[in-house]
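User: Please take a close look at one part of this model, a single strand and whatever it is tied to. I would like one connected account rather than a list.

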Amino acid sequence: KFVDKWQLTETGFIKNRFTDRCIDVPGTPGTAPGTHLSVRKCEDKGISTTGLWAKDPRGFIVNTGSDINSQSKCVEIFAEPWNNTQLSANGQELWLDFCKLNSDQKWVV
């Protein structure tokens, strides 16, 4: 389960409870739609970082990074939105994309 391994911290990081690593958007800063997410050392919130997140009431995990270009993009499964086999397969990659209603970007955390 997500909550067993990952937590959305009060400071806005999605942090692995066991490794103390965070979900991040690679790049300096990585803001482009389609950028794959990675697990990396947690960045310092005091610097410009794209690895900050918030869960909104509609179920999206929204990037709230300190760079205006990274804000308001959502975590999405890297798969065809209509392909349930791809969406539910183990090992699927996550990426950053514009938030879309009625999509594969809604999460229960």
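The part to examine is strand β7, with its sheet and its cross-links.

Analyst: The model is predicted, and every value below is computed from it. Strand β7 belongs to an open sheet of four strands, arranged in the order β5-β6-β7-β8 with antiparallel pairing. The edges of this sheet are β5 (53-55) and β8 (94-98), each of which pairs on one side only. From one strand to the next, the twist averages 40 degrees.

Strand β7 covers residues 73-77 and is joined to β8 by five bridges, the two running antiparallel. Lys 73 has Phe 98 of β8 as its bridge partner.

Cys 74, also in β7, provides a covalent tie. A disulfide is a covalent bond between the sulfur atoms of two cysteines. Cys 74 is bonded in this way to Cys 99, with 1.9 Å between the sulfur atoms. This disulfide is right-handed, because the torsion about its S-S bond is about 95 degrees. The link spans distant parts of the chain, since Cys 74 sits in β7 while Cys 99 is in the segment after β8, 25 residues apart. The two ends differ in exposure: Cys 74 is buried, at 0% relative accessibility, whereas Cys 99 is partly exposed, with a relative accessible area of 28%.

A charged residue of the strand, Glu 76, makes a further connection. Its side chain meets that of Lys 100 in a salt bridge, 3.3 Å from N to O. Lys 100 lies in the segment after β8 and Glu 76 in β7, so this pair ties together parts that are 24 residues apart in sequence. Glu 76 is buried, with a relative accessible area of 5%, while Lys 100 is partly exposed at 35%. The salt bridge belongs to a network that links Glu 76, Asp 97 and Lys 100.

Ile 77 is also placed in β7. With a relative accessible area of 13%, Ile 77 counts as buried because the value is under the 20% limit. Leaving aside residues up to four places away in sequence, Ile 77 touches Leu 87, Gln 92, Glu 93, Leu 94, Trp 95, Asp 104 and Trp 107. The C-alpha atoms of Ile 77 and Asp 97 are 9.7 Å apart, with their positions 20 residues apart along the chain.

The rest of the structure gives these links some context. The whole structure has two disulfides, and the other one joins Cys 22 to Cys 42, again with sulfur atoms 1.9 Å apart. That link is right-handed as well, with 85 degrees about the S-S bond. Cys 22 is in strand β3 (residues 21-24) and Cys 42 in the loop between β4 (38-41) and β5, so the pair ties together parts 20 residues apart in sequence. Cys 22 is buried, with a relative accessible area of 3%, and Cys 42 is partly exposed at 23%. Taking the bonded cysteines in sequence order, the pairing is 1-2, 3-4.

Salt bridges number five in total. Among them, Arg 40 pairs with Asp 24, the closest N and O atoms being 3.9 Å apart. This pair also links distant parts of the chain, with Arg 40 in β4 and Asp 24 in β3, 16 residues apart. Asp 24 is buried at 4% relative accessibility, and Arg 40 is partly exposed, with a relative accessible area of 34%.

Terms used. Residues numbered from 1 in each chain as written. Predicted model: local features only at pLDDT ≥ 70, side-chain atom pairs only at ≥ 80, totals over all residues. Heavy atoms only, no water. Pairing = 2+ DSSP bridges. Axes fitted to C-alpha atoms, helices over the stretch in contact; angles between N-to-C directions. Buried < 20%, exposed > 50% of the residue type's maximum accessible area, 1.4 Å probe, protein only. Contact = heavy atoms within 4.5 Å. Disulfide = S-S within 2.5 Å. Salt bridge = Lys/Arg side-chain N within 4 Å of Asp/Glu carboxyl O.
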